[in-house]
Amino acid sequence: MTSKVQYRTVLKSWVLIGMALLFATDPSNARVVIKTGVAYPNTASDYKNPGRLRQRAIRDAMELALMEQQGAQVVAERGSREYGKSLYQQVDGRTTETSKQRTAWHSNARTRIRGGVKLLKVIREWREGEKYLVKLKLDVLKDDELSKEMTPGTLWRQVGRPGISLEVRVSRNGNGWWRESSFQNYLRKQLAQNEINTLERDIGRYRIKVWQAMENSYLGEYDTWKTLCDLSFSIVDRDTGKNRAVQHLRGGPAAGFSEKEAEDNCLEKASTGFTRLLIEDLVALFNEEWVNGRDFTVRVAGVPGKDAGRVRQAIADLMSVTAVENMAYDDGELALDVVFQGQPLELAEAISLALDEAGIIVDFRELRGNRIEYVWQGSEF
């Protein structure tokens, strides 16, 4: 089993190491490239999960291709911080105080890369000791090509295929609400055509609720029915409890020789625009998460007040953390709102490694949805 020191070396190597090979076209205008990506196990569980190592190696190769073709923004920081500690001792009824001061220097650098890469071919994949390597043929997409490639399904897959449930309820003339299956099936098919799958059960991260309010009236003089249909939806992120999107669309009036025919005619006129609004809002949510990251709540219990800032800084310096907001400290518990470009398990593992690298010892307690909890165990400083 790899030692703690080796783990730290592995973490640095995972970010920095990658072997770049020749690409096929003129270097001044090259877009199709061949890259080799490398991944090292970061935790004990990685040894049992070659699929995770493979994904990391693929991402490493893609980042190398982007960095070579489009460049990268490197954000660096260097500075120092002083830590103080007071010791009290009582001898013969007298209390004495001894103060200890320690200065810690830190140097941090984060690389930010944006762009699009298309995997054309996996040329080879293999293992060398603990390393997992993949050799890929990649196409680095230009901005205009990237916009064409970014379909709703592409964005949904890039943010980890979050579970989406769909529920439709209907009301006629204000007389209660009940489930409606035909329009729900229609919306499922429309989302599926855009490569976004929905769940059969009311589970998953995103919950889409749709309301159909029908106002029906009978026109006796013409022996016909008239319908006004009011359609609305909300998208709730169960992880954060936030209502991420709300839209409203009114259709009609539409006529028919029966109440159902009038309703169907009204829905037919309104459904295209309503579906477009729903898909546009989902795309906006996925794109925001892909570009800026996903919201997480990180809690560390038992943190001494003097160490709260160190914990926050170690998490903020993580490569894929784009923001740390709303730091709160109450009764020894540190709470942080963290925006991270990746999945919950990736963030949990990255935080454990980053705190270990900073000489901060914590035990992982729980990962549930977007909430990650640790317990303070001590500090090497």
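Colleague: Let's start small. Which residue in β16 is the bridge partner of Leu-367?
Modeller: This is a predicted model, where local features need pLDDT of at least 70, side-chain atom pairs count only at pLDDT 80 or more, and totals for chains, interfaces and linings use all residues. Residues are numbered from 1 along each chain as its sequence is written, and side-chain values use heavy atoms, with hydrogens and water left out. Helices (H or I, at least four residues) and strands (E, at least two) are DSSP runs, numbered from the N terminus. In strand β16, the bridge partner of Leu-367 is Ile-372.

Colleague: Over how many bridges do β15 and β16 pair?
Modeller: Two strands count as paired if DSSP finds at least two bridges between them. Another bridge here has Asp-363 facing its partner Val-375 in β16. β15 and β16 (residues 371-379) run in the antiparallel sense, and the number of bridges is eight.

Colleague: Which residue takes a positive phi in the hairpin of β15 and β16?
Modeller: Two residues lie between the strands of this hairpin. The one with a positive phi, near 65°, is Gly-369.

Colleague: Which strands stand at the edges of the sheet that holds β15 and β16?
Modeller: This open sheet has five strands with mixed pairing, in the order β13-β14-β12-β16-β15. An edge strand has a single partner, so one of its sides is left without a neighbour in the sheet; here that applies to β13 (321-330) and β15 (360-368).

Colleague: What is the average twist from one strand to the next?
Modeller: Axes are lines fitted to C-alpha atoms, for helices over the stretch in contact, and angles run from 0 to 180 degrees between N-to-C directions. From one strand to the next in this sheet, the twist averages 25°.

Colleague: What angle does the direction of α7 make with that of β13?
Modeller: α7 packs on the sheet and touches β12, β13, β14 (333-340), β15 and β16; contact means heavy atoms within 4.5 Å. With the direction of β13, the direction of α7 makes an angle of about 160°.

Colleague: To which strand does α8 run at about 15°?
Modeller: α8 lies across β12, β13, β14, β15 and β16. The strand to which α8 runs at about 15° is β16.

Colleague: How many of the 14 residues of α8 are buried?
Modeller: Buried means under 20% relative accessible area, exposed over 50%, and partly exposed in between (1.4 Å probe, protein chains only). Among the buried residues of α8 are Leu-347, Ile-351 and Leu-355, together with Glu-349 and Asp-356. The helix is largely enclosed by the rest of the structure, because the number of buried residues is 10.

Colleague: Is Asp-307 buried or exposed?
Modeller: Asp-307 sits in the loop between β12 (294-301) and α7 (308-316). Its relative accessible area is 2%, so Asp-307 is buried.

Colleague: How far apart are the end C-alpha atoms of α5?
Modeller: The expected span of a helix is 1.5 Å times one less than its number of residues. For the 13 residues of α5 (residues 181-193) that should give 18 Å, which agrees with the distance between its end C-alpha atoms, 18 Å.

Colleague: Within what arc do the buried residues of α5 fall?
Modeller: Phe-183, Gln-184, Leu-187, Arg-188 and Leu-191 are buried in α5. The arc is that of the directions from the helix axis to the C-beta atoms. Seen down the axis, these buried residues line one face of the helix, because they fall within an arc of 145°.

Colleague: Which residues are exposed on the other side of α5?
Modeller: The buried residues of α5 pack against β7 (164-172), β9 (206-219), β10 (224-237) and α6 (259-292). On the other side of α5, the exposed residues are Lys-189 and Gln-193.

Colleague: Which strands stand at the edges of the sheet that holds β7?
Modeller: Five strands form this open sheet with mixed pairing, in the order β8-β7-β9-β10-β11. The edge strands have a single partner each, so one side of each lacks a neighbour in the sheet; these strands are β8 (178-179) and β11 (242-256).

Colleague: To finish, what percentage of the residues of the protein chain count as buried?
Modeller: The protein chain has eight helices and 16 strands. Among its contacts between residues at least 6 apart in sequence, 63% join residues at least 24 apart. Of its 381 residues, the share that counts as buried is 40%.
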